[in-house]
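Biologist: I am new to reading protein models and would like some help. Could you take me closely through one part of this chain, and show me how that part sits in the whole?

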Amino acid sequence: MNNYQLDGKLTQVKGDAKIWVGQLTNNQKMELDGNADKIKGSLQEKKGDLKAQINEELKKYENAKKVFETRTKEVNQGIQKKWNQLTNDDINRIKGSFENFSATIKEKYNKTKNEADQDVKNFMAEFKS
């Protein structure tokens, strides 16, 4: 759990408490403040969820990049098997670079950058240590 998620949950609890006290004391302003806190906390928590997802994707990307750069020969052989439209010159242009690999797939197979990045990540997952 990251700080955004934790802060969001705490803000929602604070909102629940304000709503409860507002209902007990018949204080509509406090109830409204509590509802506002609950909404704010929910948004904070969702921001934290998104940050966690982004961090997970970054870890996958970094792992794929590391594997590619350290096991180039083995990866190049796999590339030749999977992407038969790539020539030896294309593979040499990749030079152990995740970015070059993705750009080459994008160009040769007419894919978007995101599609090519995902294809490379999926391919590289086969080479986990």
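Modeller: Happily; we will begin with the whole chain, then look closely at the part around Leu 86, and finish with a few other places.

Please keep in mind that this is a predicted model. The mean pLDDT of the protein chain is 89, with 98% of its residues at 70 or more. Among the elements, H1 has the highest mean pLDDT, at 96, and helix H3 (residues 72-82) has the lowest, at 83. As a habit for reading any such model, do not read the coordinates in detail where pLDDT is low.

Now for the overall picture. The protein chain has 6 helices and 0 strands, and from the N terminus its elements run α-α-α-α-α-α. Its radius of gyration is 24 Å, well over the 14 Å that the globule rule gives for 129 residues, so the chain is more spread out than a compact globule. You can see this in the box that the C-alpha atoms fill, which is roughly 75 × 30 × 15 Å along the principal axes. Of the 129 residues, 31% count as buried. Among contacts with a separation of 6 or more, 51% link residues that are 24 or more positions apart.

Here is the close look. Leu 86 belongs to the loop between H3 and helix H4 (88-94). Is Leu 86 buried or exposed? Its relative accessibility is 8%, and buried means under 20%, so Leu 86 counts as buried. What does Leu 86 touch, once its neighbours within four places in sequence are set aside? The contacts are Ile 79, Ile 91, Thr 104, Ile 105, Lys 108 and Tyr 109. Take Ile 105 from that list: Leu 86 and Ile 105 are 19 residues apart in sequence, while their C-alpha atoms are 8.3 Å apart in space.

Let us move along to helix H5, where Lys 106 is placed. With a relative accessible area of 38%, Lys 106 is partly exposed. Beyond its neighbours within four places, Lys 106 is in contact with Lys 111, Thr 112, Lys 113 and Ala 116. Lys 106 and Asp 119 are 13 residues apart in sequence, and 9.6 Å separates them from C-alpha to C-alpha.

After helix H5 (98-108) comes a loop that leads to helix H6 (113-125), and Asn 110 is found there. Asn 110 is exposed, at 73% relative accessible area. Its phi is near 50 degrees, a positive value in a residue other than glycine. That is worth a second glance, because most residues other than glycine have a negative phi.

A second asparagine makes a nice companion. Asn 26 sits in the loop between helix H1 (3-25) and helix H2 (28-70). Phi of Asn 26 is also positive, near 60 degrees, and at 65% relative accessibility Asn 26 counts as exposed.

For a contrast, step back into helix H1, where you will find Thr 11. Thr 11 is buried, with a relative accessible area of 13%. Leaving aside neighbours within four places, its contacts are Asp 37, Lys 38, Lys 40, Gly 41 and Gln 44.

Last, the surface and charges. The accessible surface comes to about 8,900 Å², and carbon and sulfur atoms make up 50% of it. There are 25 positive and 20 negative side chains, and the centres of the two sets lie 2 Å apart.

Technical notes: Residues are numbered from 1 along each chain as its sequence is written. This is a predicted model: local features need pLDDT of at least 70, side-chain atom pairs count only at pLDDT 80 or more; totals for chains, interfaces and linings use all residues. Side-chain values use heavy atoms; hydrogens and water are left out. Helices (H or I, at least four residues) and strands (E, at least two) are DSSP runs, numbered from the N terminus. Buried means under 20% relative accessible area, exposed over 50%, partly exposed in between (1.4 Å probe, protein chains only). The radius of gyration is taken over C-alpha atoms; the globule rule is 2.2 Å times the number of residues to the power 0.38. Contact means heavy atoms within 4.5 Å. Accessible areas come from the Shrake-Rupley method with a 1.4 Å probe; for residues, only the protein chains shown count as cover. Lys and Arg count as positive and Asp and Glu as negative; His and the chain ends are not counted. The place of a charge is taken as NZ of Lys, CZ of Arg, CG of Asp or CD of Glu. pLDDT is the predictor's confidence in each residue, from 0 to 100.
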